[in-house]
Amino acid sequence: MCLAAILVLGSCKKDFLTQYDPDAIAVTNYFRTDNDVLLAVNGCYALLRSGNTIGEGSDLWTDQRSDDTGTNDNQSNAGEPFQFNNYSLIPTNSYMYTHWLQMYAVIANCNVVLSNIDKVAFAVPANKQLYKAEAETIRALIYFHLVREWGDVPLVTTQLTTTAQITASTARTPQATVYNQIVADLKDALNSPLPTTQATGTIGRLSLAAVNTLLGQVYLTMATTVDPANQTANLNNALTYLTAAYNSKTFASLSSISYTSVFDVTQKDLCPELIWQIVNKQGDPVYSSGIAASFQAKGETIDSQKPSSGVGYNVTHDLVNEYEANDPRAAFNFKFANDPTVKDYFVTKFRDVSSSAGVNGYGGNDWILMRYADVILMLAEVNNYLGNTGTAISYVDMVRTRAGMPTYAVSMTNSAYATAYPTLKLAILHERRVELAFEHHRWFDLLRTFNNTELVAYFHAKSQANFGFAQLANFGTKDRYFPIPFNETKLNPQTMYQNPGY
């Protein structure tokens with residue numbers, strides 16, 4: 001302490017009144033040991049928990065943007081949340097801006113790790129590649145979300161330490177370049193000692209199965225949205241990496257895992273279908289899940305012991321009507337609330353009525369980021385695009401059989417099913433919707449399945465009566481992307497140009 005004071009007092013006069021925190025450690029001096037890097041990587045993981053990034057509460061930029069759910073409250077919080085599912089989003093929306101900032105905060109933390117990791121003399125050399133792979137994959141995942149939500153976005157891959165660097169980085173980068181960086185990060189992560197799958201002691205951390213899943217999804221998205229010239233190559237790459245993820249499974253058949261057990265808080269550490277999840281701690285005021293309690297409607301007790309005074313998490317009647325007759329996933333995923341102030345459907349997919357969660361609703365529900373049913377249906381999608389119809393149908397049947405539903409061939413003899421889903425492409429989209437409902441996939445599935453014109457037509461063909469106050473007529477080609485936040489465009493209107501229509 002005295003030495004620090006002498007050093008400060010011995011500096012030039014203009015620094016005499018400058019105060020220094022004697023306990024502070026500059027980032028450049030922080031990284032010394034394996035554990036220092038591990039703690040920094042853990043910080044990157046921790047940021048994923050937030051609803052402002054990709055945690056359980058991040059539905060505003062995902063499911064509420066889709067046709068599955070969305071608030072009917074157009075008044076609370078200045079109506080800003082309502083803008084997302086009403087397709088009336090404006091550049092000054094504060095929720096959207098917070099989301100943007102927090103996503104880049106994750107990237108900044110990953111960049112700090114990756115920019116300083118070479119300074120450390122690792123006691124265990126393998127740890128360097130392991131921690132690097134985790135930081136690269138988290139960064140790639142966040143950029144994958146950003147590029148699908150905003151299109152061209154600033155691409156920053158190093159720690160920014162000067163104003164000049166920040167100014168130079170305040171510029172949108174073409175999507176193709178961002179995707180190239182995502183692919184590069186994920187391929188590098190695959191050449192690391194990450195474990196093949198999650199195992200006891202590593203639940204919540206990345207695995208090679210997770211990296212393969214993400215890379216396969218990235219290539220599938222590139223094939224159908226941004227790189228038509230290389231569509232076949234991208235589809236074949238998607239097939240390669242999704243197949244690698246699928247082959248990492250530790251179960252023989254999807255049907256050996258019940259649908260309800262995937263979401264059972266008592267089985268979350270043992271369920272072999274889960275590839276990657278954000279871990280929540282039952283009964284903990286800070287690290288518990290609030291999803292069961294917050295989704296429950298007034299007068300109901302199926303989700304949580306915590307009493308509800310509101311309508312719960314809204315389900316559009318459009319989604320309710322999507323489920324085929326006798327599909328048991330419908331009865332598990334949502335319920336009609338009879339309270340006179342509700343009289344509508346709410347989500348029941350995520351439940352914790354345990355005494356440990358209690359009346360405070362401190363649930364133990366992990367937030368599932370990746371699971372094998374998703375991989376299987378993406379394999380169906382890829383094979384269908386490649387013309388491997390029989391293989392695609394076999395993957396669809398894996399999911400339908402596990403759910404207790406007729407096979408695709410049998411279903412196509414049902415006139416209602418055949419009319420609603422006349423192509424295998426639409427049947428796969430349907431299966432993803434009913435299987436993965438409320439898991440934050442639907443909006444991105446729609447973007448991957450339809451071009452701009454098709455997406456507008458898809459929404460406008462739906463019945464307004466099934467969507468409450470949100471106006472489907474508002475949906476237009478501009479709504480494929482969010483507007484760039486006003487606070488970003490004003491920094492440099494030329495390099496941070498606005499998306500069309502805003």
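This structure holds 30 salt bridges, and the model in the viewer is a predicted one. The tour below visits three of these pairs, then the network around them, and ends at a strand hairpin.

**First stop: D68 and R433**

Select D68 and R433. Their side chains meet in a salt bridge, with an N to O distance of 2.7 Å. D68 belongs to the loop between helix 3 (34-47) and helix 4 (82-86), while R433 sits in helix 18 (residues 424-435), so the contact ties together parts that are 365 residues apart in sequence. Switching on a surface raises a further point: are these two residues buried or exposed? D68 has 0% relative accessibility and therefore counts as buried. R433, at 2% relative accessibility, counts as buried as well.

**Second stop: K349 and E439**

Next, select K349 and E439, which form a salt bridge whose closest N and O atoms are 2.6 Å apart. This pair links distant parts of the chain, 90 residues apart: K349 is found in the loop between strand 3 (344-347) and strand 4 (367-371), and E439 in the loop between helix 18 and helix 19 (442-449). The relative accessibility of K349 is 0%, so K349 counts as buried. E439 has a relative accessible area of 5% and is likewise buried, the cut-off being under 20%.

**Third stop: E435 and R371**

Move to E435 and R371. The closest N and O atoms of this salt bridge are 2.9 Å apart. Because E435 lies in helix 18 and R371 in strand 4, the pair ties together parts that are 64 residues apart in sequence. E435 counts as buried at 0% relative accessibility, and R371 counts as buried at 1%.

**Fourth stop: the wider network**

Which residues are linked with K349, R371, E435 and E439 in a network of salt bridges? Extend the selection to E273, E324, D327, R329, R400, R402 and E431, which belong to that network too. In general terms, side chains of opposite charge can pair when their charged atoms come close.

**Last stop: the hairpin of strands 2 and 3**

Finally, display the backbone of strand 2 (residues 334-337) together with strand 3. The two strands pair in the antiparallel sense over four bridges. To inspect one of the pairings, select F334, whose bridge partner in strand 3 is V347. Then follow the chain through the turn of this hairpin, where six residues lie between the strands. What is the phi of K343 in this hairpin? K343 takes a positive phi near 50°.

Terms used: Residues are numbered from 1 along each chain as its sequence is written. This is a predicted model: local features need pLDDT of at least 70, side-chain atom pairs count only at pLDDT 80 or more; totals for chains, interfaces and linings use all residues. Side-chain values use heavy atoms; hydrogens and water are left out. A salt bridge is a side-chain nitrogen of Lys or Arg within 4 Å of a carboxyl oxygen of Asp or Glu. Buried means under 20% relative accessible area, exposed over 50%, partly exposed in between (1.4 Å probe, protein chains only). Two strands pair if DSSP finds at least two bridges between them.
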